[in-house]
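These notes are meant to be read slowly, with the structure open beside them. Each point takes up one part of the fold and explains its terms as they arise.

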Amino acid sequence: MNVFRVRPAALVFVSLGVMFLAGNSLGQTRDDEFAITLPSARTELRDAPSESELLAPTRVVVLGTGTPIPDAFRAGSSIAVIHKGESYLFDAGAGAVRNAVIARYKYDIPSLYPSLICCVFFSHLHSDHTMDFSELAHTMWWRRNAGLRAWGPQGIERIVNGMREMNSVDVEIRTGGLQPVQNPDGFRVSARTIEPGVLLEKDDLVIEAFAVDHGDIRPAFGFKVTTDDLSLVISGDTAYSETLVEKAQGVDLLFHEVISQQGLLRNSPGFQRYHNNAHTTSEELARLANIARPGLLVLYHGLFYGTEEELVLDEISAIYDGEVILAEDLDVFPER
Ligand SMILES: [Zn+2]
Ligand SMILES: [Zn+2]
């Protein structure tokens, strides 16, 4: 039961002395493994990545493992790939930016400081993947060296235009008064519409989008990220996808959404039909993993519908003998 779990976010709040209860009495945590001492609010600026950031191995931090269903322990869908001092986000569901701040200090990753995050790629435009887009683009925008770069399916421009209008009041207030504004254009988001293929190449980093099958939500994309020391595929939301199977062949990490087979049966016929079209059941994912054989299968964006979350692992392990884990927010990979 979640009520007995102490997740990283809760402990960070405790360490900050903020009144925040997560099923435990304040200060009476069962486990202080994740307790970290944070400085008070800190302004972070950076002209360029440091030497140690440039030399660090590629890392992946899961910022959000959730779904549209509100969850006290899971932010909306978001995965960050950190490579040579830059953070590349894949989706930005509600709470992802808050978790980025925590991860910045927990793992000492400067590029996860929100106004230093350069880039975000949206798999599709369902709100559980986009709710923190504005948060990401506008958090301390006046200190951004450059506006956020965003890639997304058709419709991304509409969202960016809407966000610009929403934020225009703040821009007028801050640029029209006494506040020093380092970059008056820092709020501007540059957006590109995704077509399948390579979206970004930088040094040894290659980010590629490929079409997946999210039922009648079209287009929807998965992503493949390759660097000199890591390869991974991120499913976004999708039903069983042959293209994904192909792209995920032998990758180090496969992050894949999932719906519990038993959880699915608890839905109304209408929702079962919808989910069967739009999402991948645990059985289907096990079959997929048997073909793709990733180094590690990481489940995120899990739809459980009241079943014990761990049940989905049993459902997969019954068919797939490879390594599989169910991600929690703020998990980091590779685990070294
Ligand atoms: Zn979703
Ligand atoms: Zn979706």
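In what order do the strands of the open sheet with β6 and β14 in it follow one another, and how are they paired? The order is β6-β5-β4-β3-β2-β1-β14, which makes an open sheet of seven strands with mixed pairing.

1. Before going further, please keep in mind that this is a predicted model, in which local features need pLDDT of at least 70 and side-chain atom pairs count only at pLDDT 80 or more, while totals for chains, interfaces and linings use all residues. Residues are numbered from 1 along each chain as its sequence is written, and chains are lettered from A and ligands numbered from 1 in the order in which they are written.

2. The confidence is given as pLDDT, the predictor's confidence in each residue on a scale from 0 to 100; the protein averages 91, and 89% of the residues score at least 70. Over residues 1-30, however, the pLDDT is below 50, and this stretch has 47 contacts in the model beyond near neighbours in sequence, a contact being two residues whose C-beta atoms, placed from the backbone, lie within 7 Å.

3. Helices (H or I, at least four residues) and strands (E, at least two) are DSSP runs, numbered from the N terminus, and two strands pair if DSSP finds at least two bridges between them. In the sheet introduced above, β6 and β14 (332-333) stand at the edges with a single partner strand each, so one side of each has no neighbour in the sheet.

4. At the β14 end of this sheet, β1 (residues 59-64) pairs with β14 in the antiparallel sense over two bridges, and V61 stands opposite V332. Towards the other edge, β4 (residues 119-121) and β5 (residues 149-152) are parallel and share three bridges, with F121 opposite W151. Four bridges then join β5 to β6 (residues 190-193), again in parallel, and here T193 is the bridge partner of G152.

5. Together, β5, α6 and β6 make a right-handed β-α-β unit, a term that applies if, with the strands pointing away from the viewer, the path from the first strand over the helix to the second runs clockwise. Helix α6 (residues 156-175) has 20 residues, which at 1.5 Å a residue should span 28 Å (1.5 Å times one less than the number of residues), and its end C-alpha atoms are 26 Å apart, which agrees. The helix nevertheless has a kink of about 45° centred on N167, where the bend is the angle between axes fitted to the seven residues ending there and the seven starting there.

6. Helix α3 (residues 96-106) lies across β1 and β2 (78-83), running at about 135° to β1; such axes are lines fitted to C-alpha atoms, for helices over the stretch in contact, and the angles run from 0 to 180 degrees between N-to-C directions.

7. A second open sheet has its seven strands in the order β7-β8-β9-β10-β11-β12-β13, with mixed pairing. Its edge strands are β7 (197-202) and β13 (324-326), each of which pairs on one side only, and the twist averages 20° from one strand to the next. Within this sheet, β8 (residues 205-211) and β9 (residues 221-226) run antiparallel and are joined by six bridges, with F210 opposite G222.

8. Some backbone details deserve a careful look. Most residues other than glycine have a negative phi, and most peptide bonds are trans. The bond from R218 to P219 is cis, with omega near -5°, and P219 lies in the loop between β8 and β9. The bond from F333 to P334 is also cis, with omega near -15°, and P334 is found in the segment after β14. D108, although not a glycine, has a positive phi of about 55°, and its place is in the loop between α3 and β4.
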